[in-house]
Amino acid sequence: MQEKDCLFCRIVRGEIPSCKVYEDEYVYAFLDIAPSFPGHCLVVPKNHCRNILDMDPKEAEHIFGAVQKIAPAVVKAAGAEGFNLIQNNEEAAGQTVFHAHFHIIPRKKGDGMGLWTPGAYASAEEMQETAAKIGSEMR
Ligand code: 5GP
Ligand code: ZN
């Protein structure tokens, strides 16, 4: 199912132009308009869903296969050495377009892009406690 006014549904339908890099029955991939680096692309399910929790499991499986196909091509085309797969869920996490999507960002050593927060844990114990808490939330 698609949504009439969703930006990425409109891109999938071709109502808004995009630089397509890949398409199949379930997935559409195109260049991000404001990339971290050239080649940065977005992989989206053709069916509308707000975030990955909302995604049909079969589609989620399929999209991962598409990422495995697209990412090496992005790396080669960008002359990169690796890539980040980034997926933001909800505003607090930086999601700005509420149609689930994966960012594939080509990376080179020393390119200066930072992802992590140094000193996020006050101690090794706090880190252990956090792992235990996540585990208990899944039981
Ligand atoms: P988010 O912040 O939701 O994880 O990522 C949304 C991404 O969509 C951003 O990186 C932004 O640059 C990209 N974006 C927003 N509008 C458009 C658009 O109209 N066309 C394309 N190609 N990318 C877009
Ligand atoms: Zn949508």
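Leu-85 sits in strand S4, which spans residues 82-86 of this predicted model. Leu-85 has a relative accessibility of 36%, so it counts as partly exposed. Together with Phe-64 and Phe-83, Leu-85 makes up a nonpolar patch of about 280 Å² on the surface.

From S4 it is a short step to strand S5. The two strands run antiparallel and are joined by 5 bridges. One pairing to look for is Asn-84, whose bridge partner in S5 is Ile-105. Strand S5 itself covers residues 102-107, and 6 of its 6 residues are buried, so the strand is largely enclosed by the rest of the structure. In a regular strand, side chains alternate between the two faces of the sheet. In S5, Phe-102, Ile-104 and Pro-106 are on one side, His-103, Ile-105 and Arg-107 are on the other, and both sets are buried.

S5 also pairs with strand S3 (residues 41-45), again in the antiparallel sense, this time over 3 bridges. Here Leu-42 stands opposite His-103, while Cys-41 stands opposite Ile-104. Strand S3 is mostly covered too, with 5 of its 5 residues buried. Cys-41, Val-43 and Pro-45 take one face of S3, with Leu-42 and Val-44 on the other, and both faces are covered. S3 is in turn joined to S2 by 5 bridges, the two strands running antiparallel. Within that pairing, Ala-29 has Val-43 of S3 as its bridge partner.

Next to the ligand. There are 16 residues around ligand 1, and those that come nearest are Asp-32, Gly-94, Thr-96, His-101 and His-103. His-103 is thus among the nearest residues to the ligand and is also one of the buried residues of S5. Polar atoms of the ligand meet both backbone and side-chain atoms of the protein. On the nitrogen side, a nitrogen atom of ligand 1 lies 2.9 Å from a backbone N or O atom of Leu-31. Turning to oxygen, there is a distance of 2.8 Å between an oxygen atom of ligand 1 and an N or O atom in the Asn-88 side chain. A polar backbone atom of Thr-96 is 2.7 Å from an oxygen atom of the ligand. On its own, ligand 1 would expose 520 Å², of which the protein buries 82%.

The loops have a few details of their own. Gln-87 is in the loop between S4 and S5. With a relative accessible area of 18%, Gln-87 falls under the 20% cut-off and therefore counts as buried. The side chain of Gln-87 makes a polar contact of 2.6 Å with the side chain of Asn-89, and it also reaches the backbone oxygen of His-101 at 3.5 Å. Asp-24, found in the loop between strands S1 (20-23) and S2 (27-31), is likewise buried, at 18% relative accessible area. The C-alpha atom of Asp-24 is 21 Å from that of Ile-86, and the two residues are 62 apart along the chain.

As for charged pairs, side chains of opposite charge can pair when their charged atoms come close. The model has 7 salt bridges. One of them ties Lys-20 to Glu-23, with 2.8 Å between the closest N and O atoms. Both partners count as partly exposed, Lys-20 at 48% relative accessibility and Glu-23 at 36%. Another joins Glu-90 and Arg-50, where the closest N and O atoms are 2.7 Å apart. This pair connects distant parts of the chain, 40 residues apart: Glu-90 is in the loop between S4 and S5, and Arg-50 is in the loop between S3 and helix H2 (57-77). Glu-90 is partly exposed at 29% relative accessibility, as is Arg-50 at 37%.

The salt bridge between Arg-107 and Asp-111 has its closest N and O atoms 2.7 Å apart. Arg-107, already met at the end of S5, is buried at 17% relative accessibility, whereas Asp-111, at 21%, counts as partly exposed. The 20% cut-off falls between these two values, so the partners land in separate classes. Finally, salt bridges link Arg-10, Arg-13 and Glu-15 in a network.

Key
Residues numbered from 1 in each chain as written. Chains lettered and ligands numbered in written order. Predicted model: local features only at pLDDT ≥ 70, side-chain atom pairs only at ≥ 80, totals over all residues. Heavy atoms only, no water. Patch = residues over 30% accessible without salt bridge, like charges linked within 9 Å, V, L, I, M, F, W, Y side chains within 5 Å. Areas by Shrake-Rupley, 256 points an atom, 1.4 Å probe, with all protein chains shown as cover. Salt bridge = Lys/Arg side-chain N within 4 Å of Asp/Glu carboxyl O. Helix = DSSP H or I, 4+ residues; strand = E, 2+ residues; numbered from the N terminus. Buried < 20%, exposed > 50% of the residue type's maximum accessible area, 1.4 Å probe, protein only. Pairing = 2+ DSSP bridges. Near = heavy atom within 4 Å. Polar contact = N/O pair within 3.5 Å; in protein donor to acceptor, adjacent residues only side chain to side chain.
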